[in-house]
Amino acid sequence: MSTPLRVLFVEDSEDDTLLLTRALTRGGFQVTFRRVESAADIETALAAEPWDIVISDYRMPRLTGLESLRLVQRLAADLPFILVSGAIGEDLAVEAMKAGAHDYLLKGNLTRLAPAVTRELQEAQDRRQRRQAEAALRESEAHLRLALSAACMDAFDYAPADDRLRRIGSLCRLLDLPAECSGEDYFQRVHPDDLQRVRACLAGVTSGNPRYAAEYRVQAADGRYRWVAEEAEAHFDDQGRVNAVCGVCADITARKLAEEALRSSHDLLEARVAERTADLERINQALREEIANRRRAEAALERKTGELEARSASLAEVNTALRVLLEQRETDRRELEEKVLCNIDELVRPHMAKLAATPLGRREAALLEVIDANLRDIASPLARRMSLTLARLSLGETQVANLIRQGKTTKEIADMLGLAPSTIDSYRNSIRHKLGLRNQGINLKSYLASLA
């Protein structure tokens, strides 16, 4: 089965192009090609579509093979490039290979063309895979650095055989150490009080116990010591010797400071508790004394309470007597009201009825009506509101107001009271003023009737 192959030929001869195509076809390729012979054509072809390989003649009228090589390297650096020429000296071939050509062939011997293309295609694929792997590795390391930086951690591996220590993370910057240094360079930064313990952890790893964990202090670039927590695991060769120790190291200074602050707070709290306990004991003693004083006061209060209860009983008797008197006064008031109403009905109204039955003048009849209306007001419970409102009026104004309320006109009131109509108008204005009826739209008769 033929392998598809897209070839860009940089060649000024169509016959040579067909010769190269037949050689590739015999080598097992299904060739799709395009022939160009100038720098502009090369740029156009590379920009228009993808190619698997570039095969270029060395000598052409419009450009040389080395010029086409440099152009391809600039526009498609990963594309395999093979030089093919009718006659090329060894010096020119070496120069072409140094310039970056992947191979060179003579047109008189094309048996190597198909194997050379196969090899270069595989190497190009290997280069692409290697670059992808390297890019993935760089991305993975970048993510690791980011994660370690966010966590204030380092990842490290130590090779005891050559005393080589490699670290990745934020602690390297904090300690101002290179990413790769000797183990002794790092141990010099360890606090003298912790150094022996750290060395013992490293020396104590075995195939049966490959892991260790330690917390110790290291000196930062500013001269101050910081606490770190380290966890590591040793890896062994076939003879059981340690060939690498890999692990992580985290900056725990903040935690240690918090623990120290917590211990200080605990000690301070213990001292305050002891002090507060002594204060509470003094307070309890004072409370006991106060309780004894209160008990004595309660006894005195009980005696006073007895005296007050006796006085309360006496006051209750007085209150009972007062209630009886008030009830009697209320009864007397009701009886008086009933008597007044009864006297009006029995002693006054019968005579008024007889008087009304006799021939009366116009004025006398009007006065009789006024008397009857006033008696009704006296007898009616609603008269209280009227009385309170009319209390601000003079006697003459009150008489006029009652007649207005009964529906009498100004002329009728003037005839009944023997006064001039203008005088009655003056009374009207005075009544409106005293009752606060400045708005002329309010009917005086309706207002007075609403008070009844």
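**Close-up views of a predicted model**

**View 1. Gly407 and helix H12.** Gly407, just after helix H12, takes a positive phi of about 95°. The model shown in this and the following views is predicted. Helix H12 covers residues 395-405, and eight of its eleven residues are buried, so the helix is largely enclosed by the rest of the structure. The buried residues of H12 are Gly396, Glu397, Val400, Ala401, Asn402, Leu403, Ile404 and Arg405.

**View 2. Strand E3 and its side chains.** Strand E3 is formed by residues 53-57. Because five of the five residues in E3 are buried, the strand is largely enclosed by the rest of the structure. Ile53, Ile55 and Asp57 point one way from the strand, while Val54 and Ser56 point the other way. Residues of both sets are buried, Asp57 and Ser56 among them.

**View 3. Strand E3 between its pairing partners E1 and E4.** Strand E1 (residues 3-10) runs parallel to E3, and four bridges join the two. Strand E4 (residues 81-85) is likewise parallel to E3, again with four bridges. Val54 of E3 appears in both pairings: Leu8 has Val54 as its bridge partner in E3, and Val54 has Phe81 as its bridge partner in E4. Further along the E3-E4 pairing, Ser56 stands opposite Leu83 of E4.

**View 4. The crossover from E3 to E4.** Helix H3, made of residues 65-75, joins with E3 and E4 in a β-α-β unit. The unit is right-handed.

**View 5. Strand E4 and its pairing with E5.** Five of the five residues of E4 are buried, so this strand is largely enclosed by the rest of the structure. Phe81, Leu83 and Ser85 lie on one side of E4 and Ile82 and Val84 on the other, and both faces are covered. E4 also pairs with strand E5 (residues 103-106), in the parallel sense and over four bridges. In this pairing Ile82 stands opposite Asp103 of E5.

**View 6. The aromatic pair Phe9-Phe33.** A search of the whole structure gives two aromatic pairs. In one of them, the ring centres of Phe9 and Phe33 are 5.7 Å apart and the ring planes meet at 70°; planes over 60 degrees apart count as edge-to-face, so this pair is edge-to-face. Phe9 belongs to strand E1 and Phe33 to strand E2 (residues 29-36), so that distant parts of the chain, 24 residues apart, are linked by the pair. Phe9 has a relative accessibility of 0% and therefore counts as buried. Phe33 has a relative accessible area of 36% and is partly exposed.

**View 7. Two charged side chains over tryptophan rings.** Arg6 lies over the face of Trp51, at 5.1 Å from the ring centre. Lys256 is placed over the face of Trp227, at 4.5 Å from the centre of that ring.

Notes. Residues are numbered from 1 along each chain as its sequence is written. This is a predicted model: local features need pLDDT of at least 70, side-chain atom pairs count only at pLDDT 80 or more; totals for chains, interfaces and linings use all residues. Side-chain values use heavy atoms; hydrogens and water are left out. Buried means under 20% relative accessible area, exposed over 50%, partly exposed in between (1.4 Å probe, protein chains only). Two strands pair if DSSP finds at least two bridges between them. A crossover is right-handed if, with the strands pointing away from the viewer, the path from the first strand over the helix to the second runs clockwise. Rings of Phe, Tyr and Trp (its six-membered ring) pair if their centres lie within 6.5 Å; planes under 30 degrees apart count as stacked, over 60 as edge-to-face and the rest as tilted. A charge sits over a ring if NZ of Lys or CZ of Arg is within 6 Å of the ring centre and within 35 degrees of the ring normal.
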